[in-house]
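Take a look at the model below. Keep it in view as you read.

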Amino acid sequence: MPKKLQIVVPHHTEDTHEVRPLLESIRIQQNVDFDDIGIIMVNDGGNSLEGALIGYPFDIEYVNIEKAGVS
């Protein structure tokens, strides 16, 4: 069954200390069924953040693409 909410987060040059506050703000939500939430983190040819995405109560899909420039 597909997730009810998919959040797409593009990133290029952000470091883990810039991405973690976003993920933490999702994690601390109350009365949320995290089985209904999915994060799709799209790396536009920048730093890999896959190691920073471990341990969250929701699914995070990490997608690497070649640098595509301005969306």
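The paragraphs that follow go from the sheet to its central strand, then to the helix and the core.

This is a predicted model. Start with the sheet. Three strands form it, and it is open. Their order is β1-β2-β3, with parallel pairing. β1 and β3 stand at the edges. Each has a single partner strand, so one side of each lacks a neighbour in the sheet. From one strand to the next, the twist averages 20 degrees.

Now the pairings. β1 covers residues 5–11 and is joined to β2 by seven bridges. The two strands run parallel. Within this pair, Ile7 stands opposite Ile39 of β2. On the way from β1 to β2, the chain passes through helix α1, residues 16–27. This β-α-β crossover is right-handed.

β3 spans residues 59–65, and seven bridges join β2 to this strand. This pair is parallel too. Here Ile39 has Ile60 as its bridge partner in β3. Gly38 stands opposite Asp59 of β3. Ile39 thus has a place in both pairings: it faces Ile7 of β1 and is bridged to Ile60 of β3.

Where does α1 pack? It packs on the sheet. The helix touches β1, β2 and β3. Its direction makes about 170 degrees with that of β2.

Is β2 mostly covered or mostly open? The strand, residues 37–44, is mostly covered, with eight of its eight residues buried. Its residues point in two directions. Ile37, Ile39, Met41 and Asn43 point one way. Gly38, Ile40, Val42 and Asp44 point the other way. Both sets are buried. Asn43 and Asp44 are among the buried residues, one in each set.

Finally, the core. The largest nonpolar core has 13 residues. Which residues have the most contacts inside it? They are Leu23, Ile39, Met41 and Phe58. Two elements, α1 and β2, give two or more residues to this core. Ile39 and Met41 point the same way from β2.

Leu23 is worth following further. Leaving aside residues up to four places away in sequence, Leu23 touches Ile39, Leu53, Tyr56, Phe58 and Ile60. Two of these contacts, Ile39 and Ile60, are themselves bridge partners between β2 and β3.

Definitions and conventions. Residues numbered from 1 in each chain as written. Predicted model: local features only at pLDDT ≥ 70, side-chain atom pairs only at ≥ 80, totals over all residues. Heavy atoms only, no water. Buried < 20%, exposed > 50% of the residue type's maximum accessible area, 1.4 Å probe, protein only. Helix = DSSP H or I, 4+ residues; strand = E, 2+ residues; numbered from the N terminus. Pairing = 2+ DSSP bridges. Right-handed = clockwise from strand over helix to strand, strands pointing away. Core = buried A, V, L, I, M, F, W, Y, C linked by side-chain atoms within 4.5 Å. Contact = heavy atoms within 4.5 Å. Axes fitted to C-alpha atoms, helices over the stretch in contact; angles between N-to-C directions.
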